[in-house]
Amino acid sequence: MENRKIKNFIKMKDSGIPENIFENVYVVSNIKEALTYKKEFPNCCFLTKQGEVFFPDGFIKTGKKSNILQKKRLLEQLKEEKNDIAQQIESLQQEIIKKQIMKEENKKKLKAED
């Protein structure tokens, strides 16, 4: 990277971790800045202050916080909705079968009257 570009990044370092683990890893202000620098320096990893990670291979990890209890609750609600819909479908299919049977019976009655 050019020296003037390096000034735009904060190099991540930690005295307890080997320095080369953070080689080519930079913190940037936002996604727009990460995308701009990613085009110029594709072999670097960029972290936004919001927690998004732009890896050299093109993979992007979002920085959304995980609320496992909220997700679990949502999953349970979706399962209940799925079961309700499945029951409605089953009920409608049975109703269709009944209507088809009635239709056939009515056809037979009409033929018998002729």
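Begin with the whole chain of this predicted model and its contact pattern: among contacts between residues at least 6 apart in sequence, 12% join residues at least 24 apart. With the chain still selected, colour by burial, and buried residues will be seen to make up 18% of the 114 residues, while the protein exposes about 10000 Å², of which carbon and sulfur atoms supply 54%.

Switch next to a cartoon view, where three helices and five strands can be followed, in the order α-β-β-α-β-β-β-α from the N terminus on.

Now select Tyr26, Val28, Ala34, Tyr37, Phe41, Cys44, Phe46 and Phe54, the eight residues of the largest nonpolar core. The elements that give two or more residues to this core are strand 2, spanning 25–28, and helix 2, spanning 31–40. A second core, separate from that one, has six residues, and to find it one may select Val27, Cys45, Leu47 and Val53, which are among them.

Return to the rings of the largest core and keep Tyr26, Tyr37 and Phe46 on display, since these residues form one aromatic cluster.

The count of aromatic pairs comes to three, and one pair to display is that of Phe55 and Phe59, whose rings are tilted, with 5.7 Å from centre to centre and 40° between the planes. Finally, keep Phe55 selected and ask: is this residue buried, partly exposed or exposed? Phe55 counts as partly exposed, because its relative accessibility is 29%, and the partly exposed class lies between the limits of under 20% for buried and over 50% for exposed.

Terms used:
Residues are numbered from 1 along each chain as its sequence is written. This is a predicted model: local features need pLDDT of at least 70, side-chain atom pairs count only at pLDDT 80 or more; totals for chains, interfaces and linings use all residues. Side-chain values use heavy atoms; hydrogens and water are left out. A nonpolar core is a set of buried Ala, Val, Leu, Ile, Met, Phe, Trp, Tyr and Cys residues joined through side-chain atoms within 4.5 Å. Buried means under 20% relative accessible area, exposed over 50%, partly exposed in between (1.4 Å probe, protein chains only). Helices (H or I, at least four residues) and strands (E, at least two) are DSSP runs, numbered from the N terminus. Contact means heavy atoms within 4.5 Å. Accessible areas come from the Shrake-Rupley method with a 1.4 Å probe; for residues, only the protein chains shown count as cover. Rings of Phe, Tyr and Trp (its six-membered ring) pair if their centres lie within 6.5 Å; planes under 30 degrees apart count as stacked, over 60 as edge-to-face and the rest as tilted.
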